[in-house]
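Visitor: I would like to learn how to read a model of this kind feature by feature. Could you take me through it, giving the general idea before each case?

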Number of protein chains: 2
Amino acid sequence: MAKEIPYKIYLDESEMPTAWYNLRADMKNKPAPLLNPATRQPCTAADLAPVFCEELVKQELDDTTPYFEIPQEIRDFYKMYRPSPLVRAYCLEKKLGTPAKIYYKFEGNNTSGSHKLNSAIAQAYYAKQQGLKGVTTETGAGQWGTALSMACSYFDLDCKVYMVKVSYEQKPFRREVMRTYGASVTPSPSTETAVGRKILEEHPGTTGSLGCAISEAVEKATTTEGYRYVLGSVLNQVLLHQSVIGLETKAALDKYGVKADIIIGCAGGGSNLGGLIAPFMGEKLRGEADYRIIAVEPASCPSLTRGKFAYDFCDTGKVCPLAKMYTLGCDFIPAPNHAGGLRYHGMSSTLSQLYADGLMEATSVTQTKVFEAAEYFARVEGILPAPESSHAIRVAIDEALKCKETGEEKTIVFGLTGTGYFDMVAYEKYNDGKMNDYIPTDEELAESLKKLP
Amino acid sequence: MAKEIPYKIYLDESEMPTAWYNLRADMKNKPAPLLNPATRQPCTAADLAPVFCEELVKQELDDTTPYFEIPQEIRDFYKMYRPSPLVRAYCLEKKLGTPAKIYYKFEGNNTSGSHKLNSAIAQAYYAKQQGLKGVTTETGAGQWGTALSMACSYFDLDCKVYMVKVSYEQKPFRREVMRTYGASVTPSPSTETAVGRKILEEHPGTTGSLGCAISEAVEKATTTEGYRYVLGSVLNQVLLHQSVIGLETKAALDKYGVKADIIIGCAGGGSNLGGLIAPFMGEKLRGEADYRIIAVEPASCPSLTRGKFAYDFCDTGKVCPLAKMYTLGCDFIPAPNHAGGLRYHGMSSTLSQLYADGLMEATSVTQTKVFEAAEYFARVEGILPAPESSHAIRVAIDEALKCKETGEEKTIVFGLTGTGYFDMVAYEKYNDGKMNDYIPTDEELAESLKKLP
């Protein structure tokens with residue numbers, strides 16, 4: 001007889017993963033290599049060393065080693081907020097009246113409020129190991145910056161965050177959490193860097209962009225002794241660290257003899273989705289099991305569903321390497337959307353390759369439908385979700401409602417990446433009926449894609 | 001050999017308490033009864049019925065039944081966010097270099113961000129059972145209002161919250177969370193009630209007070225068909241529901257064969273402290289075990305440490321019953337302090353009686369010392385604590401440092417009642433060195449206490 005499933009499945013600490021899983025090792029078609037922006041040749045370790053920590057460069061470039069041991073210090077930190085619960089959404093199932101079984105992996109139970117901490121602590125650890133003084137990064141919505149501040153504080157590293165100016169001004173509480181963890185937070189563009197000064201001169205009064213903040217953070221890291229740059233998504237190393245999400249999810253399902261049918265995650269740069277699906281996709285690649293895997297992106301920034309699979313710059317400033325990925329063009333500026341973590345023009349090259357190979361699906365949803373699902377979920381399951389996470393909730397609900405029509409008892413698993421405490425301005429707009437659903441026209445996208453390098 | 005203690009002890013769902021523990025049943029000196037404000041005679045069930053739900057009135061007045069079964073519907077809701085973890089603070093111990101063993105019961109892992117949900121869901125359940133249409137309440141800092149909104153949304157009850165006007169304006173995000181859960185939120189004083197209109201007439205431009213908001217909520221409940229009033233602290237019924245905190249804590253400690261030496265909790269109206277200590281105090285009262293139990297209050301609002309044990313009104317408007325408690329006088333207006341949840345002039349009559357009988361200690365701490373501990377804790381343990389909870393952290397750290405001096409390996413358990421996401425204005429003041437430590441003078445307190453009824 002099958003064991004009764006509790007509301008929340010917590011693994012024991014002894015059941016936590018001891019190694020990260022490198023999905024690329026099982027891919028027949030490997031993701032294309034990063035290209036050096038100057039030479040347009042595949043990046044070497046030497047190319048990346050001035051920007052990233054040595055150990056992280058190794059992880060970035062290694063597409064054959066299937067497992068990387070998680071250092072004990074990181075495992076100890078993980079124990080402060082992991083394992084995260086795999087929740088059986090009994091109340092949601094009941095309210096929807098669906099025969100589907102719904103599970104979600106909740107990554108919001110830590111102070112950074114999202115899954116970002118899983119990679120932040122790893123990157124901070126390797127920086128410390130290398131004897132560095134500090135790291136620089138950019139942040140938009142602030143989840144990544146918060147996570148990195150926590151991680152640096154734990155390892156006594158300096159943390160320098162360039163925060164997109166509009167967010168710096170509109171989200172003072174996010175900024176303050178970072179300061180509480182000892183980070184220095186600078187509104188970007190700033191006069192601290194050459195690229196910042198240049199942008200301010202050309203566009204006085206600009207409120208900044210993620211692309212500009214990345215350029216400032218990279219410049220600061222490469223021009224300051226003992227510093228390196230760190231990034232919260234897109235890169236292979238980040239997906240590697242985030243595999244802890246999927247590994248725990250799979251271990252929890254296996255423990256109760258549950259087999260997933262559909263796995264759903266929101267997709268911006270790909271950090272959460274890549275981590276959640278890793279071990280499931282691995283089984284699929286090795287022919288051991290089959291799953292429907294669905295990436296959900298905002299209709300306002302639809303890189304997988306409407307972008308082009310091509311080499312493009314990872315940043316708007318065009319100082320970073322080029323990646324082969326589904327992209328809307330690195331000059332594409334998505335319309336204001338409250339899911340700041342999903343407003344990225346491209347997509348992890350690993351996920352892009354899997355999508356190109358037909359191994360996963362992608363869909364896009366509009367903002368109002370996302371918040372409708374978010375509020376419904378909050379009231380039924382008691383967790384106030386982040387706008388990003390709510391993209392996955394929307395599609396999970398839609399799939400569960402399809403099961404209601406067909407009577408199928410499918411098992412749906414989705415990633416609930418974080419909480420929405422710092423997104424109440426967005427909820428307010430939704431509650432007041434003032435939310436917009438902007439979708440770029442074909443002409444706009446064509447215009448942006450024309451400029452691909 | 002003793003089992004190795006994990007970082008976080010999660011009970012299985014099957015180990016969760018099935019009944020609340022009524023500490024009063026084991027008290028030889030029972031807390032004094034509430035008095036009817038009109039007759040000054042002990043309140044009867046009939047006196048309280050127009051204000052509170054029937055079942056809650058029973059719980060309020062019953063000081064002999066030791067256990068009340070938790071209804072299945074409430075236990076199901078508890079499973080969405082409970083059991084809460086009992087965390088072994090390994091990192092804090094290491095950083096302090098103390099031989100003490102430190103544990104904290106973390107109640108912030110739910111969307112309301114605090115322990116308040118434990119009683120909110122119970123009170124909403126009984127209101128629903130009675131066939132009511134809705135409930136009214138007041139909220140200051142907003143934790144209680146948020147918790148009640150979530151609970152009412154779950155049971156499809158109307159929820160009407162009077163929010164102290166200054167908080168309504170300064171904490172728009174708190175207000176928005178409540179609205180997201182479907183509550184109606186009114187800044188108090190308002191023109192919706194007679195008492196509100198009267199106050200506005202006498203004090204135009206006032207930013208409100210908790211006492212005034214209580215008066216409005218009570219008036220609204222008693223003058224609207226199908227409504228009752230609910231309260232998040234001070235009352236016996238609330239302490240009863242909150243005993244789930246202590247019962248889980250004790251079960252988790254027992255499971256690993258750990259015996260606490262010192263138990264520490266912050267104390268405003270007493271809901272968290274009363275719940276945390278209940279089963280431990282029960283053992284102490286029955287002579288089965290001994291514990292040092294410490295209540296921590298803000299130096300700006302020191303009811304136990306500097307107040308008088310006497311009958312006083314529970315609200316500033318003097319429409320509510322009188323309780324015998326340690327009080328600073330119901331007209332006492334505490335100086336601005338960022339721990340809004342601790343700014344109450346009195347203290348639960350149960351805790352007051354225990355303190356009067358020498359069964360527990362009390363101490364007070366200043367605001368800056370509290371935030372110093374909060375930030376230290378956040379950086380070491382990764383959880384951003386609420387200002388209220390940080391009062392307990394301060395004293396736990398101080399006790400652990402004493403152990404460092406003496407070499408004693410004491411086991412310290414404290415209550416971490418909630419998270420500080422909505423308190424970043426306070427953290428900002430602390431980070432900018434602009435925090436004040438106001439302590440009322442003896443003359444001020446004497447003045448306020450002179451007016452006791």
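Visitor: How many residue pairs are in polar contact across the interface of chain B and chain A?

Guide: Please keep in mind throughout that this is a predicted model. Polar pairing across an interface is counted here by residue pairs, with N or O atoms within 3.5 Å. For the interface of chain B and chain A the rule finds 29 residue pairs in polar contact, both residues being at pLDDT 80 or more.

Visitor: Which elements of chain B supply the side that touches chain A?

Guide: One reads this by asking which helices contribute residues to the touching side. On chain B, at least two residues each come from α3 (72-81), α6 (143-155), α8 (172-180), α15 (367-381) and α17 (424-431). The largest share belongs to α8(B), which gives six residues. Sorted by class, this side of chain B holds 21 nonpolar, eight polar and 13 charged residues.

Visitor: How many residues does each chain bring to the contact, and how much area do chain B and chain A bury between them?

Guide: Residue counts and buried area are two separate descriptions of an interface, and it is useful to quote both. The contact takes 42 residues from chain B and 42 residues from chain A, while the buried area between the chains is about 4,100 Å², with 55% of it on carbon and sulfur atoms.

Visitor: What is the count of salt bridges between chain B and chain A, and how should I read one?

Guide: The cut-off to remember is a side-chain nitrogen within 4 Å of a carboxyl oxygen. By that rule there are four salt bridges between chain B and chain A, and in one salt bridge the side chains of R175(B) and E428(A) meet at 3.3 Å, N to O. Over all chains the count comes to 62 salt bridges.

Visitor: Where in chain A do K369(A) and E372(A) lie with respect to each other?

Guide: Here the sequence spacing within a helix is what to look at. K369(A) and E372(A) are separated by about one helical turn, because they stand three residues apart in helix α15 (residues 367-381) of chain A. Their side chains meet in a salt bridge of 3.6 Å, N to O.

Visitor: At what angle do the axes of helix α9 and helix α10 of chain A cross?

Guide: A helix pair is read from its axes and then from its contact residues. The axes of α9 (residues 194-202) and α10 (residues 210-223) of chain A come within 8 Å and cross at roughly 145 degrees. The contact involves A194(A), V195(A), G196(A) and I199(A) of α9(A), together with C212(A), S215(A), E216(A) and E219(A) of α10(A). By class, these residues divide into four nonpolar, two polar and two charged.

Visitor: Which residues does a cis peptide bond join in chain B?

Guide: For the backbone, the torsion to inspect is omega. A cis bond links R82(B) to P83(B), with omega about -10 degrees, and P83(B) sits in the loop between α3 and β4 (86-88) of chain B. The bond from S188(B) to P189(B) is also cis, with omega near 10 degrees, and P189(B) belongs to the loop between β8 (184-188) and α9 (194-202) of chain B.

Visitor: What is the phi of R40(A), and where does R40(A) lie?

Guide: Phi is another backbone torsion to check. R40(A), although not a glycine, has a positive phi of about 60 degrees, and R40(A) is placed in the loop between β2 (19-21) and α1 (45-48) of chain A.

How values were computed
Residues are numbered from 1 along each chain as its sequence is written. Chains are lettered from A and ligands numbered from 1 in the order in which they are written. This is a predicted model: local features need pLDDT of at least 70, side-chain atom pairs count only at pLDDT 80 or more; totals for chains, interfaces and linings use all residues. Side-chain values use heavy atoms; hydrogens and water are left out. Axes are lines fitted to C-alpha atoms, for helices over the stretch in contact, and angles run from 0 to 180 degrees between N-to-C directions. Helices (H or I, at least four residues) and strands (E, at least two) are DSSP runs, numbered from the N terminus. Contact means heavy atoms within 4.5 Å. Ala, Val, Leu, Ile, Met, Phe, Trp, Tyr, Cys and Pro count as nonpolar, Asp, Glu, Lys and Arg as charged, and the others, Gly among them, as polar. Buried area is the accessible area (1.4 Å probe) that two parts lose on being put together, summed over both. A polar contact is a pair of N or O atoms within 3.5 Å; within protein, one must be able to donate a hydrogen and the other to accept it, and residues adjacent in sequence count only if both atoms are side-chain atoms.
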